[in-house]
Amino acid sequence: MTADVSGHKYSLPLLNHKQVAMESMKTLLIKRKEVATLLTMEECIEAVERSFKLHALGEALSPGILGVHAADGGFHIKAGILSVKTDSLDPGKQYFVAKTNANFPQNRQHHGLPTIQGIIVVSNASNGRLLALMDSIEITIIRTGAATAIAAKYLSRPDARIATICGCGNQGRISLKAIMKVRRLETVYAYDIDQALSQQFAKELSEELEISVIAVDHLSAAVRRSHICVTCTPSKKYFLLQDDVMPGAFIAAVGADNEDKQEIQPSLIATSKLVVDSLEQCAHIGELHHALQECLIAREQVHAELGEVIAGLKEGRKSNGEVIIFDSTGTALQDVAAAAIVYEKAFKKGIGMAYNFAE
């Protein structure tokens, strides 16, 4: 029998029944850098797409969310259960995942800390056993980028070649890399209120992706030339206007994950085809929330949840001229899909530190 300590395997002597039971209680502790080595964008896209589809077909329970505000940020807990289909330790195993994230937009400037910090709990949904605790930062970034790519795959024009990324932090970077998996972009405009950040973004991703990435000072001018626009900022006041968007554009609105955040003018939400990741969640904390508050749209006017489009229950893009917005608040099922991959690969490869909380 083997066990993991600090990511290394070591041999154990033969154990009695009590010792075997204690070994089975061990929980993997997985660091951020280990998560980054275990989760690829391609497999995350596949897993997250499947999670959306299962929910639309009624084969996954609706996820839950709880939010708590703090003075300079906030906390949220997202939880869900999903039957995971991977090269599984136990094919068809159901995982329960709960993620606690702190989101403090001014952390980088004021404290030298990441905007998002948190932990993910992974449990066996059949018996409750605590399987793993892992850092949440990398999973949150990657699974959010994966959802953006999936939405772009189903909702953007197939011939989309020009994009604007608004918000040049980690989420902007991963969003562009993810979209490149589903669309052959040729030109990308990078905008951030921190011009040094957008210039660094343009320089590094031009080289890495071998496309033209251009830092711009004026967002509206860039968006008017773009087939795809991704907004991923901590803004509390909308900045993307109805007049900024070209016919046929696809907009992934990623930043609004609580009721105080907003990036998109409500009238633009109301006059576009709106697809959401979760209708209930977006109605409370997404861009849809603001349009509902202003009585510019009713829930019944939301075209679809993304999973319904993936499952073929609702149509996606009908013409090259319609403007489609994806309201992306991030669901727990995305976390389950991604965290299960990380746990299974870590277990098989002997990565992570094993710890028994029951001792």
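**Note on two sheets and two pockets**

1. Cys-166 has Tyr-191, a residue of β10, standing opposite. The model is a predicted one. Helix α6 (residues 170–179) packs on the sheet, in contact with β9, β10, β11 and β12 (228–231). The direction of α6 makes about 150° with that of β12. Strand β9 (residues 162–166) and strand β10 (residues 187–191) run parallel and are joined by five bridges.

2. The sheet to which these strands belong is open and has eight strands. Across it the order is β11-β10-β9-β12-β14-β18-β16-β17, and the pairing is parallel. Its edge strands are β11 (212–215) and β17 (304–305), each of which pairs on one side only. As background, strands of a sheet pair through backbone hydrogen bonds, in either the parallel or the antiparallel sense.

3. Where does β12 find its partners? On one hand, β12 runs parallel to β9, with four bridges between them; Val-230 in β12 is the bridge partner of Ile-165. On the other, four bridges join β12 to β14 (residues 250–253), again running parallel. In that pair Thr-231 stands opposite Ala-253 of β14.

4. The side chains of β12 deserve a look. In a regular strand, side chains alternate between the two faces of the sheet. From β12, Ile-228 and Val-230 point one way, while Cys-229 and Thr-231 point the other way. All four of these residues are buried.

5. At the edge of this sheet, Ser-212 is placed in strand β11. Is Ser-212 buried or partly exposed? With a relative accessibility of 32%, Ser-212 counts as partly exposed, because that value falls between the 20% and 50% cut-offs. Leaving aside neighbours within four places in sequence, the contacts of Ser-212 are Glu-186, Thr-187, Val-188 and Ser-206. Of these, Thr-187 and Val-188 fall in the range of β10. Ser-212 and Ala-70 are 142 residues apart along the chain, and 40 Å separates their C-alpha atoms.

6. The other sheet is open too, with seven strands in the order β4-β5-β6-β7-β8-β3-β19. Its pairing is mixed. The edge strands here are β4 (64–70) and β19 (353–355), and each pairs on one side only. If direction is ignored, neighbouring strands of this sheet are turned by 15° against each other on average.

7. Within the seven-stranded sheet, β6 (residues 94–103) pairs with β7 (residues 116–124) over nine bridges in the antiparallel sense. Phe-96 stands opposite Ser-123 in β7. Helix α13 (residues 332–349) lies across β3 (27–30), β4, β5 (73–83), β6, β7 and β8 (130–135). The angle that α13 makes with β5 is about 70°.

8. Lys-99 is a residue of strand β6. Is Lys-99 buried or exposed? Lys-99 has a relative accessible area of 1%, and is therefore buried, the cut-off being under 20%. Not counting residues up to four places away in sequence, Lys-99 touches His-76, Ile-77, Lys-78, Ile-119, Ile-120, Ser-136, Thr-140, Arg-143 and Asp-335. Lys-99 and Val-336 lie 237 residues apart in sequence, yet their C-alpha atoms are 9.2 Å apart in space.

9. The largest pocket has a volume of about 1,100 Å³. It is lined by 45 residues, and those closest to its centre are Thr-115, Gly-169, Cys-232, Thr-233 and Pro-234. At least two lining residues come from each of β5, β6, α4 (107–111), α5 (137–155), α6 and α7 (195–209). The element that gives the most is α5, with five residues. By class, the lining holds 15 nonpolar, 20 polar and ten charged residues.

10. The second largest pocket holds about 650 Å³ of space. Which residues of its lining lie nearest the centre? They are His-69, Asp-257, Asn-258, Glu-259 and Ile-285, out of 33 that line the pocket. Two or more lining residues come from each of β4, β5 and α10 (279–285). Strand β4 gives the most, with seven. The lining divides into eleven nonpolar, 14 polar and eight charged residues.

Methods
Residues numbered from 1 in each chain as written. Predicted model: local features only at pLDDT ≥ 70, side-chain atom pairs only at ≥ 80, totals over all residues. Heavy atoms only, no water. Pairing = 2+ DSSP bridges. Contact = heavy atoms within 4.5 Å. Axes fitted to C-alpha atoms, helices over the stretch in contact; angles between N-to-C directions. Buried < 20%, exposed > 50% of the residue type's maximum accessible area, 1.4 Å probe, protein only. 1 Å grid on protein atoms, 1.4 Å probe; cavity = no way out; pocket = protein on both sides within 12 Å on 5 of 7 lines; lining within 4 Å. Points joined across faces, edges and corners; volume = space filled by probe spheres on them. Nonpolar A, V, L, I, M, F, W, Y, C, P; charged D, E, K, R; others polar.
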